[in-house]
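Student: Could you zoom in on one helix for me, and then place it in the rest of the chain? Please give the cut-offs as you go.

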Amino acid sequence: MELMFSPLFSGSSGNAVFVGEGEDRILVDAGVSCARIVKELDQIGVKPETLKAILITHEHSDHTAGAGILSRKFDLPIYATEGTWGGMADKVGAVHSKNIRIIDARQDFYIGKIGVCPFSIPHDASDPCGYSFCLGNLKASIATDIGCIREGWLNAVANSDILLLESNYDEDMLKAGKYPYALKKRILGRTGHLSNDDAGKAAVQLAARGCKNIILGHLSKENNFPELAEQTVRLALDEAGCVPGRDANLSIARRDGFSGLFSVKEA
């Protein structure tokens, strides 16, 4: 068995991640246009009509902008919590009743052979969730749009072979930047986003909990740089004695396009 994982877009301007095994193909979030998602899926050899599901983490437009069009054009079911459906219904437009799938963030389910394990996250949305995907002993997880470090989501993504972890902003850049005070306060809050420093602290804990490959994602275009995020988190891992290859490997997801196709296989 082989579990495939590919961040197609990961940033404050839009998010979409592909997860799949064989014919079981899932898109997590669709926060850019349908055309752009189709183009990036083509880079990994995936036709949108072969997707079995679109999973939504929460209703903000950088996660939902293309979901409705994808569903209507390719007859795809959309899975989201009841709160997320309530918050995004006017954003995604009409979706056929058979393609509206309401999930519980505390209840695991399957899409084909892939076990889907949603978990609640601290973010200022209506019942938002992250996802872990399990295939045999393999595990891939998405933990972005997270305002603070909590045991609940750390435990949910523990032992992930691949983890997309938020590293949204550098605190000094955000505080000195042009954002209005209210937006800065929201981002810095406990239901906002993870800073580079907090991502470093989380990465250290996650490496100790068996996470093998950490991909930093959801980087802000205005308040971060990929090199800064990677340097900050890598320094935290180094100071904790984590050795790349032995403990946890680190990489960065691109904001605006395909970041590579990652895969893990059962030994």
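Tutor: Here's a walk along one helix, then out to the whole chain, its spaces and two single residues.

Some ground rules: this is a predicted model, where local features need pLDDT of at least 70 and side-chain atom pairs count only at pLDDT 80 or more, while totals for chains, interfaces and linings use all residues. Residues are numbered from 1 along each chain as its sequence is written, and side-chain values use heavy atoms, with hydrogens and water left out.

The helix is H8, residues 196-208. Helices (H or I, at least four residues) and strands (E, at least two) are DSSP runs, numbered from the N terminus. The expected span of a helix is 1.5 Å times one less than its number of residues. For the 13 residues of H8 that gives 18 Å, and its end C-alpha atoms are 18 Å apart, so the two agree.

Which residues of H8 are buried? They are Asn196, Ala199, Gly200, Ala202, Ala203, Leu206 and Ala207. Buried means under 20% relative accessible area, exposed over 50%, and partly exposed in between, using a 1.4 Å probe and protein chains only. As for the spacing, an α-helix has 3.6 residues a turn, so residues three or four places apart point the same way.

What do those residues pack against? Their partners are helix H5 (151-157), strand E11 (162-166), strand E12 (213-217) and helix H9 (226-239). A contact here means heavy atoms within 4.5 Å. After H8 comes glycine 210, with a positive phi near 90 degrees.

Now zoom out. The chain has nine helices and 14 strands, and 55% of its 267 residues count as buried. Among contacts with a separation of 6 or more, 65% join residues 24 or more positions apart. The radius of gyration is taken over C-alpha atoms, and the globule rule is 2.2 Å times the number of residues to the power 0.38. A compact globule of 267 residues would come out near 18 Å, and the chain has 17 Å, which agrees. Its C-alpha trace spans about 50 × 50 × 35 Å along the principal axes.

Next, the empty space. On a 1 Å grid over the protein atoms alone, a cavity is a set of points where a 1.4 Å probe fits but cannot get out, a pocket is an open set with protein on both sides within 12 Å along at least five of seven lines, and lining residues have an atom within 4 Å of a point. Grid points are joined across faces, edges and corners, and a volume is the space filled by probe spheres set on the points. The largest pocket has a volume of about 170 Å³. Of its 15 lining residues, Ser12, Arg186, Ile187, His193 and His218 are the closest to its centre. Helix H7 (residues 181-188) gives the most to that lining, with three residues.

Two single residues to finish. Arginine 36, in helix H1 (residues 34-43), is partly exposed at 37% relative accessible area. Beyond its neighbours within four places in sequence, arginine 36 is in contact with Phe9 and Asp256. Alanine 140 sits in strand E10 (residues 138-143) and is buried, at 0%. Its C-alpha atom is 5.8 Å from that of leucine 163, 23 residues apart along the chain.
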